[in-house]
Amino acid sequence: MDSASINELMSTRFAKITPDMPVVEASSNLIKLDMIGSPVTDEAGMLVGWISERECLQAALQVVYHNQRVATVKDLMQSEVLTVSLESDVLSLAQQMLNAKPKIYPVVDADNKVLGVISRRHILNMLDDKLAELSRKAS
């Protein structure tokens, strides 16, 4: 079965989040785009970390219920991030996503610049299209 490429499946629409941004602002950016996480990039668009709903929830609870200071993204972001490249194999990535690996990955170029994100949903949509195509051929 031919699979689509990372470039065809990835989304170039992701929350723009920087390390010095307050976590509550990052959380708002994730909510607006209905994302579970997003790359954290520097001014040049280079990957420096990852922030997810989990970290945002932690910060929001601290602010709202414990009256603690507002954290910045760099305080809570994950700095070691699994990434994929445009050349990565989609089916291998899908297999990896079945394990206890992230549900969404930043797609980066050779210089570590973020090009987009790819999630289980992107791959599942492609597989759903393939299943529909196989079903039509079988009919």
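1. Start at the hairpin of β1 and β2: five residues sit between its strands, and Gly45 takes a positive phi near 85° there. Keep in mind as you look around that this is a predicted model.

2. Now the strands themselves. β1 covers residues 37-41, and its pairing with β2 is antiparallel, over five bridges. If you want one pair to find on screen, try Pro39, whose bridge partner in β2 is Trp50.

3. How much of β2 is buried? Strand β2 runs over residues 47-52, and five of its six residues are buried, so the rest of the structure largely encloses this strand.

4. Next, have a look at helix α5, residues 90-98. Its buried residues are Val90, Leu93, Ala94 and Met97. Viewed down the axis of α5, these fall within an arc of 105°, so they line one face of the helix. Turn to the other side of α5 and you'll find Gln95 and Leu98, which are exposed.

5. What covers the buried residues of α5? The cover includes two helices, α1 (6-9) and α6 (120-138), along with the strands β3 (104-108) and β4 (114-119).

6. Last, a residue that is neither buried nor exposed. Gln58 belongs to helix α3, which spans residues 53-66. Its relative accessible area is 36%, and since buried means under 20% and exposed over 50%, Gln58 counts as partly exposed. For a sense of distance, pick out Gln58 and Val117: they are 59 residues apart along the chain, and 23 Å separates their C-alpha atoms.

Key: Residues are numbered from 1 along each chain as its sequence is written. This is a predicted model: local features need pLDDT of at least 70, side-chain atom pairs count only at pLDDT 80 or more; totals for chains, interfaces and linings use all residues. Side-chain values use heavy atoms; hydrogens and water are left out. Buried means under 20% relative accessible area, exposed over 50%, partly exposed in between (1.4 Å probe, protein chains only). Helices (H or I, at least four residues) and strands (E, at least two) are DSSP runs, numbered from the N terminus. The arc is that of the directions from the helix axis to the C-beta atoms. Contact means heavy atoms within 4.5 Å. Two strands pair if DSSP finds at least two bridges between them.
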